[in-house]
Amino acid sequence: ALLCVLEVFPNVKLIASERRADPEYRQEIIAQIEANGLQDRVILVGDIPHEQMPIYYSLSHVVVTLASNDGLPQAMFEAMACEVPYILGDLPRYREFVLHKEHVYCVDFNTQDVSKGIIELFSNDELREKIIVNAKNLVYDIADINKESKRVIHFMEQLETDATPQNTSIDMRLLLRFIMLGLQQFVSKIVKRP
């Protein structure tokens, strides 16, 4: 995909992190970089410490992640909070949170689609800005600790209400009450932080 992007935007550089990199796969990537003459276009930065990720996001024009399966992609929300458009593989799981060309740019897992997405976000300022604004608003809505803690506490209270005595050595109501108390204390400490 980088080769296709370079045909339109010849000054683009790819910064690739290497979290939990497989040594053999890494060597294959290096061989492809060398075979395509991309040594001055690709920077392998190793495993980036989590606290430094906002720096890398903020330096980027686009973040691309092509996981073939994923739960809840924290990197997506982090990039969105840093106001960087996010390109990701079109997995059904993501549709619970984000919409294509509203919050993110979804692509099929092929060179043509990935390069098309990058080129479109580089060349379409209106779409880029729309995605950035919508994504940032979504992150602020989802990342509201007060709202989310109330939602979780409500869920736990509902579990406690719905719990029926079972033939078990654990009192489920007592366990749920203990978990809720711990959650409330944890949230109150986080909310009080400067």
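Which pattern does the chain follow when read along the sequence? Colour the model by secondary structure and trace it from the N terminus: α-β-α-β-α-β-α-β-β-α-α-α-α. That comes to eight helices and five strands. Keep in mind throughout that this is a predicted model.

**Stop 1: the whole chain**

Start with everything selected and the surface switched on. The chain has 194 residues, and 30% of them count as buried. Its accessible surface comes to about 13000 Å², with 55% of that belonging to carbon and sulfur atoms. Now think about contacts: among those with a separation of 6 or more, 57% are between residues 24 or more positions apart.

**Stop 2: the largest nonpolar core**

Hide the surface and select M76, M80, Y86, L88, V98 and V104. These are the residues with the most contacts inside the largest nonpolar core, which has 19 residues. To see where the core comes from, colour helix 3 (53–59), helix 4, strand 4 (86–89) and helix 6 (125–142), the elements that give two or more residues to it. Helix 4 supplies the largest share, four residues. As a bit of background, nonpolar side chains in soluble globular proteins tend to be buried together.

Zoom in on M80 next. Leaving out residues up to four places away in sequence, M80 touches V98, H103, V104, A135, K136, L138 and V139. Two names on that list, V98 and V104, also belong to the group with the most contacts inside the core.

There is a second, separate core to select as well. This one has 17 residues, including V5, L6, I118 and I131.

**Stop 3: L99**

From V98, step along to L99. Where does L99 lie? You'll find L99 in the loop between strand 4 and strand 5 (105–107). L99 counts as partly exposed because its relative accessibility is 47%, and the band for that label runs between 20% and 50%. Try a distance label from L99 to A135: their C-alpha atoms are separated by 9.6 Å, although the two residues are 36 residues apart along the chain.

**Stop 4: a nonpolar patch on the surface**

Turn the surface back on and select V64, L66 and F109. Together they make a nonpolar surface patch of about 250 Å². For L66, look in the loop between strand 3 (63–65) and helix 4 (74–81). Is L66 buried or partly exposed? With a relative accessibility of 41%, L66 counts as partly exposed.

**Stop 5: salt bridges**

How many salt bridges does a search of the whole structure find? The search finds eight, and three of them are worth a visit here.

Begin with E18, in the loop between strand 1 (14–16) and helix 2 (23–35). The side chains of E18 and R26 meet in a salt bridge, at 2.3 Å from N to O. Why does E18 count as buried? Its relative accessibility is 13%, and buried means under 20%. R26, on the other hand, counts as partly exposed at 30%. Show the surroundings of E18 too: leaving aside neighbours within four places in sequence, E18 is in contact with R26, L44, V45, G46 and D47.

Move on to R41, in the loop between helix 2 and strand 2 (42–44). The side chain of R41 meets that of D40 in a salt bridge, at 3.9 Å from N to O. R41 is buried, with a relative accessible area of 15%, whereas D40 is partly exposed at 48%. Now look for what else the R41 side chain reaches: one of its polar atoms lies 2.9 Å from the backbone oxygen of V12. Beyond its neighbours within four places in sequence, R41 is in contact with L2, L6, P10, N11, V12, K13 and L14. L6 should ring a bell, as it is included in the second core.

Finish with E96 and R93. Their salt bridge has its closest N and O atoms 2.8 Å apart. E96 counts as exposed, with 57% relative accessibility, while R93 is partly exposed at 30%.

How values were computed. Residues numbered from 1 in each chain as written. Predicted model: local features only at pLDDT ≥ 70, side-chain atom pairs only at ≥ 80, totals over all residues. Heavy atoms only, no water. Patch = residues over 30% accessible without salt bridge, like charges linked within 9 Å, V, L, I, M, F, W, Y side chains within 5 Å. Areas by Shrake-Rupley, 256 points an atom, 1.4 Å probe, with all protein chains shown as cover. Salt bridge = Lys/Arg side-chain N within 4 Å of Asp/Glu carboxyl O. Buried < 20%, exposed > 50% of the residue type's maximum accessible area, 1.4 Å probe, protein only. Core = buried A, V, L, I, M, F, W, Y, C linked by side-chain atoms within 4.5 Å. Contact = heavy atoms within 4.5 Å. Polar contact = N/O pair within 3.5 Å; in protein donor to acceptor, adjacent residues only side chain to side chain.
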